[in-house]
Amino acid sequence: MSANNKSNQEPLFSAKNTKLLKKPFNLENPITVQVLGICSALAVTVQMKPAIVMALSVTIVTGFSNLLISFLRDTIPARIRIIVQLVVVAALVIIVDQILKAYLYDVSKKLSVFVGLIITNCILMGRLEAFAMGNKPWPSFLDGIGNGIGYGAILVIVAFFRELLGSGKIYGYDVIPKVVFETGYVNNGLMILPPMALITIGVIIWLQRSRNRELVDKS
Amino acid sequence: MDSLFNLFVRSVFIDNMIFAYFLGMCSFLAVSKTVKTSVGLGIAVIFVLLLTAPINWLVDTYLLKPGAMAWISSSLANVDLSYLSFLIFIAVIAAFVQLVEMFVEKFSPPLYNALGIFLPLIAVNCAILGVALFVQEREYQTLSEVTVYAAGSGVGWFLAITAIAAIKEKIKYSHIPPPLRGLGISFILTGLMAIAFMGFMGIKI
């Protein structure tokens, strides 16, 4: 790693860098392809609002932790790198948690322990180990943001279906007209229960893989 | 005594870490290829939970909570360090996992060979930090409650990972649509198992 290698500087949003931002959205999605960060993805998807807040929090934490670790990557001794990474991530999560408690108290109550659990979210450790430890700060930052958004996209999709089918609302607003209920339509209470989050993600993976055949498991 | 037993059963079946809160899903999905490795990881999780949850609770009660340091001197009575709890909890867990690893390596090589590779994985297992945070959020009052809750959560996690590993071993022989193979079917299986576990809901002992 040479720090004074500035002759071949590339523009901030070169093709390579935009790719870092876009790839996690589909072909390298952290949840459906890399199997990272599933724990929290499932528990916060009953409604859209907590899901969006969670997605934003994770995006911010992944982006900045990737950036910071990438700055520090040459000075961290390999033996204690996991603890250093955890401390950086935990500090960022504490900041996010305090901001949520101050400005979005009701959502922060709903997310309960899952904000704290961003620390052990595998996306963070996975991206820090796989990308930030070996790349320059700016690409690492983009990689973090991209993975956060990829994670958030799945969260929002799952939350959309669970809230729509489970309680007939989108982002807290009623969208199914009364007439439909009068003809005998009932909200599907099962969608609110935790197991349906798993099955919804299973179906999303199924759809994604049947569109992108290269993702199908060989075995 | 009754309430402790009740708490144990609740934490194993009703508040199961995997099926009710989805904690520790990453290793649950990634390591559950065979029953043998799953049993190893499950035991390691129980072990680490039993040690870290009480320690984190003690740290929280006697150092971090608002007014917790009153026992040192009265001038510290209105210090509130609770915002540091994430950092301290994860540091305790990471340090402890490292310590347990060295200790087991030195004193029980056979156990180390069985658990060794799983121990570092556990530091970032959400279930461990999750239990510490749930203990804090639900305000368990005594050390025995915390220990029983940690043991129950660990046993619940152990049961869940062993069960899915057994199912995965069998499912190799069935015809699954190719796009659903692997991760997709694991999710749907876990969902169905979670629905089955919901049958325990509302049971009073």
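Here are a few exercises with worked solutions on a predicted two-chain model.

Some ground rules: residues count from 1 along each chain as its sequence is written, while chains are lettered from A and ligands numbered from 1 in the order in which they are written. In this predicted model, local features need pLDDT of at least 70, side-chain atom pairs count only at pLDDT 80 or more, and totals for chains, interfaces and linings use all residues; side-chain values use heavy atoms, with hydrogens and water left out.

**Exercise 1. Work out which secondary-structure elements chain A and chain B hold.**

Step 1. Go by DSSP runs, numbered from the N terminus: helices are H or I with at least four residues, strands are E with at least two.

Step 2. Chain A gives nine helices and two strands, in the order α-α-α-α-α-α-α-β-β-α-α.

Step 3. Chain B has nine helices and zero strands, so to speak a plain run of α-α-α-α-α-α-α-α-α.

Step 4. For the extents, the C-alpha trace of chain A spans about 70 × 45 × 35 Å along its principal axes, and the C-alpha atoms of chain B fill a box of roughly 70 × 45 × 35 Å.

**Exercise 2. Describe the interface of chain A and chain B.**

Step 1. Count contacts (heavy atoms within 4.5 Å): 41 residues of chain A touch 39 residues of chain B.

Step 2. Get the buried area, meaning the accessible area (1.4 Å probe) that two parts lose on being put together, summed over both. Chain A and chain B bury about 3500 Å², 84% of it on carbon and sulfur atoms.

Step 3. Look for salt bridges (a side-chain nitrogen of Lys or Arg within 4 Å of a carboxyl oxygen of Asp or Glu). Between chain A and chain B there are zero.

Step 4. Find where chain A touches chain B: α2 (38–43), α4, α6 (122–130) and α9 (195–211) of chain A each give two or more residues.

Step 5. Sort that side of chain A by class: 28 nonpolar, nine polar and four charged residues. Here Ala, Val, Leu, Ile, Met, Phe, Trp, Tyr, Cys and Pro are nonpolar, Asp, Glu, Lys and Arg are charged, and the others, Gly among them, are polar.

**Exercise 3. Find what lines the largest cavity and the largest pocket.**

Step 1. Set up a 1 Å grid over the protein atoms alone: a cavity is a set of points where a 1.4 Å probe fits but cannot get out, a pocket is an open set with protein on both sides within 12 Å along at least five of seven lines, and lining residues have an atom within 4 Å of a point. Points are joined across faces, edges and corners, and the volume is the space filled by probe spheres set on them.

Step 2. One cavity of 30 Å³ or more turns up. I83(A), L86(A), V87(A), I90(B), A91(B) and A94(B) line the largest cavity, with α4 (81–103) of chain A and α4 (85–107) of chain B each giving two or more of them. The lining has six nonpolar, no polar and no charged residues.

Step 3. The largest pocket has a volume of about 980 Å³. Of its 38 lining residues, L29(B), A30(B), V31(B), K33(B) and K168(B) are the closest to the centre.

Step 4. By class, the pocket lining has 20 nonpolar, 10 polar and eight charged residues.

**Exercise 4. Track down a salt bridge in chain A, then place V148(B).**

Step 1. The whole structure has four salt bridges over all chains.

Step 2. In one, the side chains of D97(A) and K101(A) meet at 3.3 Å, N to O. D97(A) and K101(A) both lie in helix α4 of chain A, four residues apart, about one turn of the helix.

Step 3. V148(B) sits in helix α8 of chain B. Beyond its neighbours within four places in sequence, V148(B) contacts L4(B), L7(B), F8(B) and S11(B).
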